[in-house]
Amino acid sequence: NKYDKDKLQNSNSDINIVRVLGKGGKLSIDVNYIYYKDRDPATYMNSFLDKDGLDISAHSAAFYPRQEVMNETHIHILAYKAVYEQQWNKTIRLTAGFQASDSKITNAESVNGFKAGIVITDSSVSGALTMKQPRRAGFASLNFDMGKTQISVGSRYEYIAVHTGYATHTEGNSDSHYNNIMPSVYIGRKISGTTQVNLFYNRGIRMPSYQDIAPTVGFNDIYGITIGNPYLKPVLSDYVRAWLQYKQVWFSLAFGRDKNAIVASQQTESLTDSIFYLMAHNLKYQENVTLQMGFPVQVTSWWKMENTFTGGWNQYETRLMPRENFITTGFKNSYFSGNLYSSQTFLLPKKISVLLFAEYYSDKWWGAYRAKAAGYLKFTAKKELKNGSVQLAFSNLFKTRDHLYLDLPNLAYHINSSIYS
């Protein structure tokens, strides 16, 4: 059982200045400050018994009969941006600017166990972490409006530094720096009133989310702990897509490659004890070739279908985690996957409508986990009344569920779980 009392505080301040210049020019300046505080104390009452009813609590504060956890987080973010826009003529528009932010995250976590009057602090999951992240970027783009043809060409330079430090020790402290030039190109052409095509390319960088990096501890069972990974690297992505629309039918073919792609809840074994840690990891890379299509069908005046298909080829490679006292396994995996979504709308007499929504997805992977193919069906009936409506809905009619598997024999990982939608 868990008993907690969360205390959350946050504030946001924003300044925006816009100056209209002569001959189609405009300058805008934005300054934003965000403060966030979360104090989350929790008390766990645990009981770990074997089949004979004997206490099998580990010799760790994480699994004592009574456990008190205190997590406190402070986030400060100062962001500022200046953008200059210039409409040179009816065809060409210039956009250029500078963007920056400075963020500081502090997180303190303490785990105390109480057993037979003894209080023990578990140092393996307790500590204070500070992360500072200055970020600077300059960008420019040219947009050409030539009637039926639209072209946009731009580039962005971005510099990011990540400084990570622990208050109680220097082991694990790190300073990382990332910089990259990220071009983007868009070409769109309207062939007729019902047909258009476009081509898009973009290179970008995505930082890990706070939920992935914060060293907040969650306890799953006697052998499993969920924890953040402050050593995650940013994701560098290249993405290209061709898109075609004819009347109401559209097709899209895309290729994407992510360096250091992030996958959540990967199992990691400690070399110093028998505990398994669930945390986000960086893949070495991830590649996807994806085909998408949408095709609505008006079967009759009272029956309409909306269908979307997504499918393609996926490949990724895991890497060893560069952190002392932890190990993972590395492997390369490729597979085909697909998703199909379909909704059927029936307009019946007496202002009654029926909606059937079906979803199917094939086997898929993320990191070391494989989810088996599954489906989902939802039924909704609605009756319009004079002063409102009444509705009857059933979700997951056939009680389908997600099956998750993890099987890494060399590390003695075997997991089989089911999640009902």
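**Exercise 1. Through how many residues does a hairpin join β24 to β25?**

Solution. The model is predicted: local features need pLDDT of at least 70, side-chain atom pairs count only at pLDDT 80 or more, and totals for chains, interfaces and linings use all residues. Residues are numbered from 1 along each chain as its sequence is written, and side-chain values use heavy atoms, with hydrogens and water left out.

Step 1. Strands are DSSP runs of E with at least two residues, numbered from the N terminus.

Step 2. The hairpin between β24 and β25 runs through two residues.

**Exercise 2. Describe how β24 pairs with β21 and with β25, and give a bridge partner for each pairing.**

Solution. Step 1. Two strands pair if DSSP finds at least two bridges between them.

Step 2. β21 (residues 352–361) is antiparallel to β24 (residues 374–385), with ten bridges. Within this pairing, V354 has A381 of β24 as its bridge partner.

Step 3. β24 is also antiparallel to β25 (residues 388–394), with seven bridges. Here K383 has V390 of β25 as its bridge partner.

**Exercise 3. List the residues of the largest nonpolar core and name strands that supply it.**

Solution. Step 1. A nonpolar core is a set of buried Ala, Val, Leu, Ile, Met, Phe, Trp, Tyr and Cys residues joined through side-chain atoms within 4.5 Å. Buried means under 20% relative accessible area, exposed over 50%, and partly exposed in between (1.4 Å probe, protein chains only).

Step 2. The largest such core consists of eleven residues: A42, Y44, V69, V111, V125, V217, I225, I227, I275, Y277 and M279. At least two residues of this core come from each of β3 (25–45) and β16 (276–294).

Step 3. A second, separate core has ten residues, among them I205, I213, L232 and A280.

**Exercise 4. Place W88 and find its contacts beyond its sequence neighbours.**

Solution. Step 1. The loop between β4 (66–87) and β5 (92–115) holds W88.

Step 2. Contact means heavy atoms within 4.5 Å. With neighbours within four places in sequence set aside, W88 is in contact with L94 and L142.

Step 3. From W88 to G25 the C-alpha distance is 8.5 Å, while the two are 63 residues apart in sequence.

**Exercise 5. Locate K247 and K351, and state the phi and accessibility of each.**

Solution. Step 1. K247 is in the loop between β13 (235–246) and β14 (249–259). K247 is not a glycine, yet its phi is positive, about 55°. Its relative accessibility of 48% makes K247 partly exposed.

Step 2. K351 is in the loop between β20 (332–348) and β21. K351 is not a glycine either, and its phi is positive at about 60°. K351 is exposed, at 60% relative accessible area.

Notes: Helix = DSSP H or I, 4+ residues; strand = E, 2+ residues; numbered from the N terminus.
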